Amino acid sequence: MRKGGEKCNAILGENATTQFSGLAPLLAGCSANCPANVAIPAYLSKIRKGELFQAAQLMLERNPLPAITGRVCPHFCEQNCNRVDFDEAVSTRAIERYLGDYVLANAGELMKPPKLQTKKRVAVVGSGPAGLAAAYYLRQAGHEVIVFDRMLEAGGMLRYCIPAYRLPKEVVKRQIQALNEPELSLS
């Protein structure tokens, strides 16, 4: 708190990630503005090293729909990019789109069913982006998941509201297939 924060991380036990016990770690400008709190500098570093698989794994920890968000995200991350001090912001949305397409192309390896099954069953109502993300993370936690939607095809607003020139329906279809493969049931 003496260092300008609003809470003492040492007292709250949140000091494991810093070398200074009372100082909270700072997020990069892009990650701080990302609604999903994606570790953008971490996955960009992996991409620079040519480690696309590891970059995709980092992305999927916080965003199970990168092929979609890479096309429709308002890219708040670019507004606070540190690179602006040199020339222009990194086109994070375009990189996310590229990484999302890589995820779809390698969904069988990246979106595997969990090894540990909890034997719990969960129903998710609505197959829009929130429902799909919830179903993905519940499945990764080992639960059996079924997603219900009143429309004939899954996707919610991704399929029925966003125009095809902005988000091609084929991308939505491929994303839903990728989520469906690790034993996620979309009805």
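This note goes through the fold, the strand pairing, the cysteines and the two largest pockets of a predicted model.

1. Overall make-up. The protein chain of this predicted model holds 11 helices and 3 strands. Read from the N terminus, its elements follow the order α-α-α-α-α-α-α-α-β-α-β-α-α-β, so that by this order eight helices come before the opening strand, given that elements are numbered from the N terminus. Of the 187 residues in the protein chain, 37% are buried.

2. Strand pairing and crossover. Strand E1, residues 121-125, and strand E2, residues 144-148, run parallel and are joined by 5 bridges. Within this pairing, Val125 stands opposite Phe148 of E2. Helix H9, which spans residues 129-140, combines with E1 and E2 in a β-α-β unit, and the hand of that unit is right-handed.

3. Disulfides. How many disulfides does the count come to by the distance rule? The count comes to 0. Cys30 illustrates the reasoning: the closest cysteine sulfur to its own is that of Cys81, at 6.3 Å, and because a disulfide requires sulfur atoms within 2.5 Å, this separation is too far for a bond. Cys77 is likewise in no disulfide, the nearest cysteine sulfur being that of Cys73, 5.9 Å away.

4. Burial of these cysteines. Cys30 has a relative accessible area of 12% and is therefore buried, since the cut-off is under 20%. Cys77, with a relative accessible area of 8%, is buried by that cut-off too.

5. Contacts across the sequence. Cys30 has its place in helix H2, and its C-alpha atom is separated by 7.7 Å from that of Gln79, although the two residues are 49 residues apart along the chain. Leu52 belongs to helix H4 and is buried, with a relative accessible area of 18%. The C-alpha atom of Leu52 is separated by 7.5 Å from that of Leu99, a residue 47 residues apart from Leu52 along the chain.

6. The largest pocket. The space in the largest pocket is about 410 Å³. The pocket is lined by 26 residues, of which Ala36, Asn63, Thr69, Cys73 and Glu96 are the closest to its centre. Several helices each supply at least two residues of this lining, namely H4 (52-62), H5 (66-72), H6 (76-79), H7 (92-105), H9 and H10 (157-160). H9 is thus a contributor to the lining of the largest pocket as well as the helix of the β-α-β unit. By class, the lining consists of 20 nonpolar, 4 polar and 2 charged residues.

7. The second largest pocket. For the second largest pocket the volume is about 240 Å³, and among its 15 lining residues those closest to the centre are Cys30, Pro41, Leu44, Cys81 and Val90. Cys30 and Cys81, whose sulfur atoms are 6.3 Å apart, are therefore both in that group of residues closest to the pocket centre. At least two lining residues come from each of helix H2 (29-33), helix H3 (40-48) and H7. Which helix gives the largest share of the lining of the second largest pocket? That share, 5 residues, comes from H3. The lining divides by class into 9 nonpolar, 4 polar and 2 charged residues.

8. A shared element. H7 supplies at least two residues to the lining of the largest pocket, and at least two to that of the second largest pocket.

Key:
Residues numbered from 1 in each chain as written. Predicted model: local features only at pLDDT ≥ 70, side-chain atom pairs only at ≥ 80, totals over all residues. Heavy atoms only, no water. Pairing = 2+ DSSP bridges. Helix = DSSP H or I, 4+ residues; strand = E, 2+ residues; numbered from the N terminus. Right-handed = clockwise from strand over helix to strand, strands pointing away. Buried < 20%, exposed > 50% of the residue type's maximum accessible area, 1.4 Å probe, protein only. 1 Å grid on protein atoms, 1.4 Å probe; cavity = no way out; pocket = protein on both sides within 12 Å on 5 of 7 lines; lining within 4 Å. Points joined across faces, edges and corners; volume = space filled by probe spheres on them. Nonpolar A, V, L, I, M, F, W, Y, C, P; charged D, E, K, R; others polar.
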